[in-house]
Amino acid sequence: HSFPTRRSSDLQLDVFNMSLSVFPSMLQALYALSEPGDGVIVFTPIYHNFFTIIEASDRKQVRISLHKDGSINYDAFEQAAKNEKNKILIFCNPHNPLGKIWLEEDLKRIAKICEENKLIILSDEIHGDILLFGSIQNSFLKIEQAYNRLIVFTSGSKTFNLGGMKISNLLIPNAELRKIMFHHLQKQGTSWRSEERRVGKECRS
């Protein structure tokens with residue numbers, strides 16, 4: 001029930017796809033949406049496993065250091081985004097390890113830069129339910145201008161301590177991007193699309 005209220009006002013069932021846990025799924029997104037040698041932008045400091053999947057996929061790390069107050073260096077980000085070899089932004093929301101809650105203004109500005117420069121946004125929002133002091137996460141799913149180039153990764157592993165299930169949700173608003181990811185994950189045998197779950201339920205009823 002939290003998705004419609006906190007992450008987006010209107011999410012259709014076909015936006016949801018299930019796969020393996022977040023990092024294996026994000027690794028597959030790198031394979032599906034970029035080529036070896038392509039650049040993947042990250043805002044550092046950041047959780048070390050992001051570097052692991054970039055290296056494992058034979059992509060290039062493009063590190064943009066956050067300012068000391070945790071804000072984004074937009075000058076450096078825009079310069080990196082304009083480089084045609086850089087294809088993907090991996091975004092951590094809320095930020096790990098800083099615990100920063102991003103403002104909607106940040107997400108809109110990032111979305112605009114990515115749209116103008118044809119960057120795909122892979123937004124890891126696995127910690128979106130773990131917030132202190134009444135904070136509210138601003139999910140990228142609230143930013144419709146990002147929808148053409150967005151995949152949001154979530155999981156119950158942090159919220160409900162279900163890490164052993166090794167399952168994540170991929171929320172992909174754009175139909176073409178969703179098709180690319182579903183077919184790639186299907187080849188790996190690691191995708192369970194919302195339509196398949198719905199049909200299965202109907203067949204059993």
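A residue counts as exposed when its relative accessible area is over 50%, and as buried when that area is under 20%. Glu105 and Glu116 of helix α5 meet the first description: both are exposed. The model described here is a predicted one.

## The chain as a whole

The chain has eight helices and eight strands. Of its 205 residues, 48% are buried. The chain exposes about 10600 Å². Carbon and sulfur atoms supply 51% of that area. Take the contacts in the chain with a separation of 6 or more: 72% of them join residues 24 or more positions apart.

Cysteines also deserve a word. A disulfide is a covalent bond between the sulfur atoms of two cysteines. The count of disulfides here is zero. Cys92 is buried, because its relative accessibility is 3% and the limit is under 20%. Cys114 is buried too, with a relative accessible area of 1%.

## Helix α5: two sides

Helix α5 covers residues 104-117. It has 14 residues. From its first C-alpha to its last it reaches 20 Å, close to the 20 Å expected at 1.5 Å a residue.

Which residues of α5 are buried? They are Asp106, Leu107, Ile110, Ala111, Ile113 and Cys114. Seen down the axis of α5, these buried residues fall within an arc of 165°, so they line one face of the helix. An α-helix has 3.6 residues a turn, so residues three or four places apart point the same way. Glu105 and Glu116 lie on the other side of α5. The cover over the buried residues of α5 includes β2, α4, β4 and β5.

## The largest nonpolar core

The largest nonpolar core has 31 residues. Phe43, Phe77, Phe91, Ile110 and Phe140 touch the most other members. Two or more residues come from each of β2, β3, α4, β4, α5 and β6. Helix α5 gives the most, with five residues.

Phe77 offers a look inside. Its place is in helix α4, which spans residues 74-81. Phe77 is buried, with a relative accessible area of 0%. What does Phe77 touch, leaving aside its neighbours within four places in sequence? Its contacts are Ile41, Phe43, Ile64, Leu89, Ile110, Ile113, Cys114 and Leu119. Ile110, Ile113 and Cys114 also appear among the buried residues of α5. Val62 is 15 residues from Phe77 along the chain, and their C-alpha atoms are separated by 9.7 Å.

Apart from the largest core lies another one, of 26 residues. Its members include Ala29, Ile53, Ile120 and Leu122.

## Helices α2 and α3

Ala29 leads to α2, where it is one of the buried residues. The others listed there are Val22, Phe23, Ser25, Met26, Leu27, Gln28, Leu30 and Leu33. Nine of the 12 residues of α2 are buried, so the helix is largely enclosed by the rest of the structure. At 1.5 Å a residue, α2 should span 16 Å. Its end C-alpha atoms are 16 Å apart, which agrees.

Ile53 leads to α3, residues 49-56. Phe50, Phe51, Ile53 and Ile54 are buried there. Seen down the axis of α3, its buried residues fall within an arc of 165°, so they line one face of the helix. What covers them includes α2, β2, β3, β4 and β5.

## Backbone details in the loops

Two peptide bonds are cis. One joins Thr44 and Pro45. The other cis bond joins Asn96 and Pro97. Pro45 is in the loop between β2 and α3, and Pro97 is in the loop between β4 and α5.

Two residues with positive phi also stand in loops. Asp58 comes just after α3, in the loop between α3 and β3. Lys118 comes just after α5, in the loop between α5 and β5. Asp58 is not a glycine, and neither is Lys118. Lys118 counts as exposed, because its relative accessibility is 61% and the limit is over 50%.

The angles are set out below.

| Site | Angle |
|---|---|
| Thr44 and Pro45 | omega about 5° |
| Asn96 and Pro97 | omega about 25° |
| Asp58 | phi about 65° |
| Lys118 | phi about 60° |

Technical notes: Residues numbered from 1 in each chain as written. Predicted model: local features only at pLDDT ≥ 70, side-chain atom pairs only at ≥ 80, totals over all residues. Heavy atoms only, no water. Buried < 20%, exposed > 50% of the residue type's maximum accessible area, 1.4 Å probe, protein only. Helix = DSSP H or I, 4+ residues; strand = E, 2+ residues; numbered from the N terminus. Arc of directions from axis to C-beta. Contact = heavy atoms within 4.5 Å. Core = buried A, V, L, I, M, F, W, Y, C linked by side-chain atoms within 4.5 Å. Expected span 1.5 Å × (residues − 1). Areas by Shrake-Rupley, 256 points an atom, 1.4 Å probe, with all protein chains shown as cover. Disulfide = S-S within 2.5 Å.
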